[in-house]
Amino acid sequence: MASAPLPLTAAPIRFGTDGWRGILGVDITVERLLPVAAAAARELAYQAPEGLKSRTVVIGYDRRFLAPELAEAIAAAVRGAGLDPLLTNTAVPTPACSWAVVQRQALGALVITASHNPPEWLGLKIKGPFGGSVEGEFTAAVEQRLAAGGISVPVAGDLPRFDARDEHLQGLRNKLNLSAITQGLKSMGLKVIVDPMHGSAAGCVQNLLGEEAKGIVSEIRSVRDPLFGGCPPEPLAPHLEQLIAAVQASTQAGEPAVGLVFDGDGDRIAAVDETGCFCSTQQLMPLLIDHLAGSRKLPGTVVKTVSGSDLMRLVAEDLGRTVLELPVGFKYIAAEMLSGDVLIGGEESGGVGFGMHLPERDALFAAMLVLEALVEGGKPLGKRLEALRNRCGGACHYDRLDLRLPDMDSRRRLEALLEDQPPQTVAGVAVQEVITTDGVKLRLGPSHWLMLRFSGTEPLLRLYCEAPDAGRVAEVLAWARSFAEAA
């Protein structure tokens with residue numbers, strides 16, 4: 001994969017929907033990272049809830065190039081800010097850091113990761129004392145601290161370390177009947193093929209299910225590779241040829257399989273059904289809503305982002321559940337989890353969280369609940385989803401196209417055009433409603449819409465479409481691409 005040319009100057013330090021990210025060696029350097037980490041740690045201490053006496057800040061990291069070394073560096077910055085860093089002893093899924101914060105009643109966590117971004121990227125996520133991502137007001141305060149230019153000298157020294165990975169997995173074991181899941185998979189004759197995309201969730205599913213699942217669970221792309229095989233570690237169909245082929249081969253050999261895939265830092269999930277069809281959270285969320293609200297009859301509302309499939313709403317309303325629709329970004333879902341009774345909250349890009357767990361997306365917990373839902377329904381993923389659509393209606397065709405823009409000036413021109421003159425027709429169909437919750441969503445009919453939304457971290461335009469058939473999805477996305485390129 002050919003990388004884009006490196007920019008010659010660093011971008012301003014700005015936090016997006018979940019942290020600060022940029023190109024390693026240009027935007028993300030030790031000189032820039034240390035003051036950001038110190039400012040974030042000081043803000044965690046300043047905003048600590050009343051009664052929280054801890055001085056501990058959990059430090060974690062993923063498998064990217066220099067991530068372990070930079071985690072040690074920011075631990076020194078945290079110590080220099082007068083706080084106590086606690087470093088993970090290995091690369092971990094980001095939710096493991098969130099889990100550790102809650103279990104240890106720490107001030108929060110700083111995680112060196114660029115999540116699903118391309119291999120040349122790195123970044124920093126901030127988790128609050130509640131275990132979820134901090135909100136925009138918090139990151140704005142961090143940026144203000146940086147602008148004020150306060151001095152904080154890193155203090156090197158021996159760092160206390162702990163096994164965050166094992167603590168997280170043990171916490172999940174306590175919440176799930178993993179033996180019943182394993183026995184159910186055996187009874188169904190359903191294999192599980194895991195693709196961690198070379199990221200920090202490698203080995204976790206097998207560790208969770210244990211020896212009892214030997215012969216049922218297998219894993220591909222499990223070794224650390226900071227280049228992630230040449231593609232972003234994002235669970236999208238174009239990046240999953242190997243997993244799709246493995247699932248199809250197993251099914252064709254008479255052993256139906258389900259594929260589970262995690263992004264680079266293990267907080268996003270997607271799946272591949274027994275036929276090799278890619279299933280994003282546009283399909284997994286409705287399945288989980290049906291399982292948790294219908295079969296398990298757990299309480300709470302359903303929270304989705306504006307880019308989420310209409311099928312989520314249809315399934316939730318079929319089960320009598322209230323649905324809230326929020327801007328893209330899991331921090332908005334987490335805020336709702338902290339203030340209300342939420343059953344499940346999720347976004348189309350793979351993040352799913354649960355009210356009975358953490359106010360945070362946790363792909364491993366979601367994966368176990370997906371397997372639990374398949375066992376409960378007694379059907380493999382594709383057939384289970386087909387039955388759900390037949391019951392509730394809704395489109396089953398969705399795709400997303402990420403369009404890289406030439407520069408930030410091009411992005412600003414297109415943003416202004418969409419704000420002042422949104423399209424009145426899309427690919428020959430009149431726009432029925434313009435929704436500006438986040439970006440611009442153009443509703444074209446029942447379960448038929450186009451959404452244009454800019455990335456919070458890159459000069460990137462994300463185009464989302466749901467439609468009654470795959471041909472229409474392709475047609476609308478092609479129209480949207482032409483519209484954006486001509487702007």
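How many bridges join β16 to strand β22, and which way do the two strands run? Keep that in mind while we set up the view.

This is a predicted model, in which local features need pLDDT of at least 70 and side-chain atom pairs count only at pLDDT 80 or more, while totals for chains, interfaces and linings use all residues. Residues are numbered from 1 along each chain as its sequence is written, and side-chain values use heavy atoms, with hydrogens and water left out.

**Stop 1: the antiparallel sheet**

Select β16 (397–404) and β22 (460–467): 8 bridges join these strands, which run antiparallel. Helices (H or I, at least four residues) and strands (E, at least two) are DSSP runs, numbered from the N terminus. Two strands pair if DSSP finds at least two bridges between them. For one example, click Asp 399, whose bridge partner in β22 is Cys 465.

Now widen the selection to the open sheet of 5 strands, in the order β16-β22-β21-β20-β19, with antiparallel pairing. At its edges lie β16 and β19 (433–435), each pairing on one side only. Neighbouring strands are turned by 15° against each other on average, direction ignored. Add helix α14 (408–420), which lies across β20 (440–445), β21 (448–454) and β22 and runs at about 140° to β21. Axes are lines fitted to C-alpha atoms, for helices over the stretch in contact, and angles run from 0 to 180 degrees between N-to-C directions. Contact means heavy atoms within 4.5 Å.

**Stop 2: the mixed sheet**

Next, select β13, β12, β14 and β15, which form an open sheet in that order with mixed pairing. The edge strands are β13 (323–326) and β15 (352–354). From one strand to the next, the twist averages 15°. Strands β12 (301–305) and β14 (342–346) run parallel and are joined by 4 bridges; in β14, Gly 346 is the bridge partner of Lys 304.

Show two helices here. Helix α9 (281–295) packs on the sheet and touches β12, β14 and β15, its direction making about 175° with that of β14. Helix α11 (330–339) also packs on the sheet, touching β12, β13, β14 and β15, again at about 175° to β14.

**Stop 3: α9 meets α12**

Keep α9 and add helix α12 (363–377): their axes come within 10 Å and cross at roughly 65°. That makes α9 roughly perpendicular to α12, a label for angles of 65 to 115 degrees. The crossing is left-handed, meaning that the near helix is turned anticlockwise from the far one by less than a right angle. Residues to show in the contact include Leu 284, Leu 288 and His 291 of α9, and Leu 369, Val 370 and Glu 372 of α12.

**Stop 4: an aromatic pair**

With α12 still shown, find Phe 365 and then Phe 354 in strand β15, 11 residues apart. Their rings form an edge-to-face pair, 5.3 Å centre to centre with 85° between the planes. Rings of Phe, Tyr and Trp (its six-membered ring) pair if their centres lie within 6.5 Å, and planes over 60 degrees apart count as edge-to-face. The whole structure has 3 aromatic pairs.

**Stop 5: α10 meets α13**

Finally, select helix α10 (310–318) and helix α13 (381–392), whose axes come within 10 Å and cross at roughly 70°. They are therefore roughly perpendicular to each other, and their crossing is left-handed. Show Leu 311, Leu 314, Val 315 and Asp 318 in α10, which meet Leu 388, Arg 389, Arg 391 and Cys 392 in α13.

Methods
Angles under 35 degrees count as roughly parallel, over 145 as roughly antiparallel, 65 to 115 as roughly perpendicular and the rest as oblique. Rings of Phe, Tyr and Trp (its six-membered ring) pair if their centres lie within 6.5 Å; planes under 30 degrees apart count as stacked, over 60 as edge-to-face and the rest as tilted.
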